[in-house]
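Here's a walk through the side-chain pairings, the packing and the chain-to-chain contact of this one. Have the viewer open while you read.

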Amino acid sequence: MLLQVLGVIIQAAGLVLLHRHWRVRGGLGGGALFGAWALIILGAAPWLGGVSPERALALGALAPMLIGLAMLAPDAYGRLSGAQARSARPRRPARADSGEAAAALSGTGGARWFCALVAAPAISVAAAAAWLAYSPLSAVDSMVTSAFLMAAIMTAALLRLLATARPWPEALITCGAALLLAVLAALGAH
Amino acid sequence: MSGDAKTKTIWPRVPSGFVKGQLLAHKLLGLTLAAVMYLICITGTIAVFYGEFQRWETPAAPEMSQATPEAVGRAVAAAREHIAKTGAKPADVYVITPSPEMPRLLVDYEDDALAFDAAGAPAGSGAHELTHFLTELHYELNLPGTIGFVLVGVLGVLLVALIVGGALALPRMFRDAFTLRLDRGRRLSRVDIHNRIAVWGLPFHFVVALSGAIMGLALIVVAIAAPVKFGGDQLKAMGAVYGDPAQAAAEARRAGPPVATGTPEPRIVAALQTLARERPANYPIYLALNQFGTPDELLTVGAAHGERLIYTEGYRFDSAGGLMGSDGYADGDIGRQTYASMFRIHAGAFGGLGVKIAYVLLGLGLSFVCTTGVDIWLAKAAERGREAWRIQAAWTSFVWATPGLVALSCAIAMLVEVPPAPIFWIGLPLATLIGVGQGAQRLRWLAPLTAGAMIISLPLAHVWRHGALALSTPAAAVNIALVLAAAAIIALAVRNFRSRETAAAAQAYAAS
């Protein structure tokens, strides 16, 4: 447990270094940036003691997230208590993040949604079917990887179709690709 | 003015058109799905402590750190007799054996749950319908059959899309990681809060969304795999992942005549003794009796592999209690091991109380990201002179009513023994509509105050129902946590009320 606590402290040190690098005009240099990330990654190493790598990764990833959020808390607390925020302006202010989506794109929301809801599931299911039909892996490995493939393709298709300036043509192309994959899957079915 | 011109970066510049496109995609997805995403996220956050909630719900059930094979055998025999008497015919019966996660001996089947003491003697009901309501609200929106499970799985994919799209719309994600412009107006402060919590929690949000999606998509994959890979045989497709029950039953019969019942059940005793001897590091978490009460009844013991993320490894036993083999979740195909790890990584059930608390904090963060997304849109509309106060009021009501009604539904169900799901699903739209009539300003204090009052009704109902048992260790911990949560929310309501008074007084002074 002591080693793990030490690891968390090392990760915290890495985050403090990142904080300094990103707050100072011009940064602290590439070496500091590399060192900060190295500390965060190395600090997770003690979790490897006695557990599998995937469990160690899961455990080691929690602390940096919580420490980072905790480092933001003083500014947030200042707002909640009505006091001045602890640091009103960063030394390197963020680009004016207006949150503006391209005006020319925003008028076709309904069309995008319709295209995305039809085309994205179609291509993801068809791709999964084609993968299952031709996968050289074992049955269970094919099925599990097809679930991940379905999620990845649906995500990519949704983001593409919701962002494009030409939703209808791209949805048509996506559905065509889905049809092709479905035919391939049917031909390869056994 | 920024120092950007003097800062060199090794990363290629992301085209602004791409960023704006991803922002649009993120906005479309987020605004359409905000309500259901928030509901799933907040109920998931609460459900991290599903085990503690179950123990709180049934404080009378005995607790123990372990049970002997004979005690478990006696419990199974008693449960079998009880099931026969009631005329129930469950397909599967699960025996929960004492473990650090659930220090109880229970027999659970579709109609009921029975509790047993450390000796395996009956100790009353172990039914935990409120826990089922909470977990089923999260993973299937209380919808019937498998529809809800698949729907929530698809929503998991949409959440992945939201997370990935949001990240792609933030090319300065790392450099702005510590930027909080809380003094730059309503919209920008919410943008920064939304972005900072989203970025810092990104690994957690992504893994939790993806693992939930994979579990939900599994049924779709089986449905696709059946015609493509197994000649249309759905059972074969299921068997590829979960094992072939017919084959297992045939193998079990080779050991000798069918299961001999008795008290304690000899097969159960022999199986647990065999497991302890051959797998001493892997203690049992549950026993599954599939095809219960038939000549082909199968016994599988789910045993812990504490160093792994897999939920359990399934060890199959023959009719004499001899070890036949394992399901391969610990050392079989990589795909099977990966799938078996989805639950623990999704639910935070891999590192004790510390990890659960971390998951609750990060889960609250994700829920907050859902709410601030809508706040940003409303703030932008207000800046353009199109204040959507009805939508603001409805959203505020919905956000606070969701956790409040989860608690109130459980409290009412506990007192008058009615199902909590209808109370919740009728109450939620009702509360949202009532909120529209209150106005956004008033709701800033009224909504959290009402939610706090609803939450505090639950520990009060628990004490009313269970008396002194409410003070037992697991129950008291949950009650204290509920009281503290309610107190924090009510404190926020009071603060909001006072700031409203201060603003009104300042206006009156300025006018005079």
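Asp375(B) counts as buried because its relative accessibility is 15%. That's in a predicted model, so treat every value here as computed from predicted coordinates. The side chain of Asp375(B) meets that of Arg190(B) in a salt bridge, 3.8 Å from N to O. Arg190(B) sits in helix 6 of chain B and Asp375(B) in helix 13 of chain B, so the pair ties together parts 185 residues apart in sequence.

There are more pairs of this kind: a search of the whole structure turns up 16 salt bridges over all chains. Here are some of them, with the N to O distance for each.

| Salt bridge | Closest N and O atoms |
|---|---|
| Arg190(B) and Asp375(B) | 3.8 Å |
| Glu297(B) and Arg80(B) | 2.9 Å |
| Glu63(B) and Arg55(B) | 2.9 Å |
| Glu54(A) and Arg308(B) | 2.9 Å |

Take Glu297(B) and Arg80(B), whose closest N and O atoms are 2.9 Å apart. This pair links distant parts of the chain, 217 residues apart: Glu297(B) is in the loop between strand 5 (284–290) and strand 6 (298–303) of chain B, and Arg80(B) is in helix 3 (residues 69–86) of chain B. Both Glu297(B) and Arg80(B) are buried.

Now for Glu63(B) and Arg55(B): which of the two is buried, and which is partly exposed? Arg55(B) is the buried one, because its relative accessible area is 15%, whereas Glu63(B) counts as partly exposed at 34%. The salt bridge between Glu63(B) and Arg55(B) has its closest N and O atoms 2.9 Å apart. As for wider wiring, Arg55(B), Glu63(B) and Arg104(B) are joined into one network by salt bridges that share partners.

Arg104(B) turns up again in the surroundings of Gln54(B), which touches Met102(B), Arg104(B), Leu106(B), His128(B) and Thr131(B), leaving aside neighbours within four places in sequence. Gln54(B) belongs to helix 2 of chain B and counts as buried because its relative accessibility is 9%. Phe53(B) is in helix 2 (residues 50–57) of chain B too, and at 10% relative accessibility Phe53(B) also counts as buried. What does Phe53(B) touch, not counting residues up to four places away in sequence? Its contacts are Leu130(B), Thr131(B), Leu134(B), Cys410(B) and Leu458(B). For a sense of the fold, Phe53(B) and Arg344(B) are 291 residues apart in sequence, while their C-alpha atoms are 17 Å apart in space.

On to the rings. Over all chains, the structure holds 17 aromatic pairs. One of them joins Phe350(B) and Tyr359(B) edge-to-face, at 5.8 Å centre to centre with 80° between the planes. Phe350(B) and Tyr359(B) are both buried. Elsewhere, Tyr50(B), Tyr94(B), Tyr286(B), Tyr311(B) and Phe343(B) form one aromatic cluster.

Next, the partner chain. Chain A has 6 helices and 0 strands, and 44% of its 190 residues count as buried. Among the contacts in chain A with a separation of 6 or more, residues 24 or more positions apart account for 68%.

How much area do chain B and chain A bury between them? The figure is about 7000 Å², with 70% of it on carbon and sulfur atoms. Phe178(B), Trp200(B) and Lys229(B) supply 12% of the area that chain B buries against chain A, more than any other three residues. The contact takes 85 residues from chain B and 72 residues from chain A.

Across this interface the rule finds 10 residue pairs in polar contact, both at pLDDT 80 or more. Helix 7 of chain B gives the largest share of the side of chain B that touches chain A, 13 residues. The residues on that side divide into 50 nonpolar, 16 polar and 19 charged. The salt bridge count across the interface is 1, and Glu54(A) and Arg308(B) form a salt bridge with closest N and O atoms 2.9 Å apart.

Last stop, helix 8 of chain B. Ala237(B), Gly239(B), Ala240(B) and Val241(B) are buried there. The cover over the buried residues of this helix includes helix 5 (139–163) of chain A, together with helix 7 and helix 11 of chain B. Asp233(B) caps the N-terminal end of helix 8, with a side-chain oxygen 3.0 Å from the backbone nitrogen of Leu235(B). After helix 8 of chain B comes Gly243(B), whose phi is positive, near 95°.

Terms used:
Residues are numbered from 1 along each chain as its sequence is written. Chains are lettered from A and ligands numbered from 1 in the order in which they are written. Side-chain values use heavy atoms; hydrogens and water are left out. Contact means heavy atoms within 4.5 Å. Buried area is the accessible area (1.4 Å probe) that two parts lose on being put together, summed over both. A salt bridge is a side-chain nitrogen of Lys or Arg within 4 Å of a carboxyl oxygen of Asp or Glu. A polar contact is a pair of N or O atoms within 3.5 Å; within protein, one must be able to donate a hydrogen and the other to accept it, and residues adjacent in sequence count only if both atoms are side-chain atoms. Helices (H or I, at least four residues) and strands (E, at least two) are DSSP runs, numbered from the N terminus. Ala, Val, Leu, Ile, Met, Phe, Trp, Tyr, Cys and Pro count as nonpolar, Asp, Glu, Lys and Arg as charged, and the others, Gly among them, as polar. Rings of Phe, Tyr and Trp (its six-membered ring) pair if their centres lie within 6.5 Å; planes under 30 degrees apart count as stacked, over 60 as edge-to-face and the rest as tilted. Buried means under 20% relative accessible area, exposed over 50%, partly exposed in between (1.4 Å probe, protein chains only).
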